[in-house]
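Colleague: Could we go through this structure together? I should like to understand how the chains meet.

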Protein chains: 2
Amino acid sequence: MQELERYIRTIKDFPKPGIGFKDITTLLKEPQAFAQAVDLMAAHFREKQIQKAVGIESRGFIFGAPLALQLGAGFVLARKPKKLPAAVLREEYALEYGTDAIEMHVDAIAKGERVIVIDDLLATGGTASAAGRLVEKLGGQLLGFAFLIELDFLHGRQKLAGHDILSLIRVQEEIA
Amino acid sequence: MQELERYIRTIKDFPKPGIGFKDITTLLKEPQAFAQAVDLMAAHFREKQIQKAVGIESRGFIFGAPLALQLGAGFVLARKPKKLPAAVLREEYALEYGTDAIEMHVDAIAKGERVIVIDDLLATGGTASAAGRLVEKLGGQLLGFAFLIELDFLHGRQKLAGHDILSLIRVQEEIA
């Protein structure tokens, strides 16, 4: 899978100095590379009878939506606060300074449903972990996480311990 | 196609009093309904040899990404200012009070490429029209627009005049 890595562009000092931002737009605009990424995710979860795929706003929608369709699952949004219009459950998570939160509709997942969570990037794992907790609070069975890229050096995987984690591209070291 | 409409939930007074918000999450979570919507969009544009599908942040990603894959096209992001990490072109559009803007990467579309623009909802047409202008400024051939829902009473279609416009659900009157 690691050949997908060559489609990712690293932008230095974005969004702030010292950060090497992983730009996925250079992968998305190549039809074969984007298709391969989604196909690999679908292959990994195909036998798991997934009923709901949760995409984390907003780049998680890009992989979560086609993955849901390929798996024959429903697609569910995990969004920043105040974006979803109906009754929500909210889960907070820690940032370097302060906290942030994500929300899901309370009717997004039925009790016992088999669920995966998708985002483009696993960094510190705060958002993904919060989304996973929301799934479980709503009564879903959390069967795993899928990411295009995992930044190993931020150890986000530890926050998701005990779950199946698929990352198509693993970045070992902070920026080149 | 109009049977898709029954999957849309109208939330009164969101995000502010007097607005009847069209909630698409109730469609997305039903696998057959979501699949049907994307299939209908793909069928409409299949013979047009589309090379790039542009999704407008953020709900446009939900339909644009799987549509790009079904058409064998690359997927391109049109985002709010300051979100895209590399060099961008920006296009402003008028709001009721003031202006807003969207951006695309300057390398997102190659000269002469056949392009469509996707969003979940056509309201006043400001954002979609701006995205279309960006496509043309980047040298793309703008072959049409796809929306899940069109609010006819806001006349957004007029701002996109001269282009092929596909809307799967047309809402004639402001809220019931």
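Modeller: What follows concerns the contact between the two chains, in a predicted model.

Colleague: How many residues does each chain bring to the contact?

Modeller: Chain A contributes 35 residues, and chain B contributes 35 residues.

Colleague: And how much area do they bury between them?

Modeller: About 2900 Å² is buried between chain A and chain B, with 66% of it on carbon and sulfur atoms. Of the area that chain A buries against chain B, 22% comes from Lys29(A), Leu69(A) and Pro85(A), more than from any other three residues.

Colleague: How many salt bridges are there across the interface?

Modeller: The rule finds two across the interface of chain A and chain B. One of them joins the side chains of Arg9(A) and Asp107(B), at 2.7 Å from N to O. There are also 12 residue pairs in polar contact across this interface.

Colleague: Which element gives the largest share of chain A's side?

Modeller: That is H3(A), with six residues of the side that touches chain B. By class, this side of chain A has 20 nonpolar, five polar and 10 charged residues.

Colleague: Turning to symmetry, what turn lays chain A on chain B?

Modeller: A turn of 180°, with a shift of 0.0 Å along the axis, superposes them with an RMSD of 0.0 Å. This is the relation of a two-fold axis. The same surface serves both copies, as 100% of the contact residues of chain A recur in chain B.

Colleague: Which residue of chain A comes closest to the rotation axis?

Modeller: Pro66(A) does, with its C-alpha at 2.4 Å.

Terms used: Residues numbered from 1 in each chain as written. Chains lettered and ligands numbered in written order. Predicted model: local features only at pLDDT ≥ 70, side-chain atom pairs only at ≥ 80, totals over all residues. Heavy atoms only, no water. Contact = heavy atoms within 4.5 Å. Buried area = accessible area lost by both parts, 1.4 Å probe. Salt bridge = Lys/Arg side-chain N within 4 Å of Asp/Glu carboxyl O. Polar contact = N/O pair within 3.5 Å; in protein donor to acceptor, adjacent residues only side chain to side chain. Helix = DSSP H or I, 4+ residues; strand = E, 2+ residues; numbered from the N terminus. Nonpolar A, V, L, I, M, F, W, Y, C, P; charged D, E, K, R; others polar. Least-squares fit on C-alpha atoms with pLDDT ≥ 70 in both.
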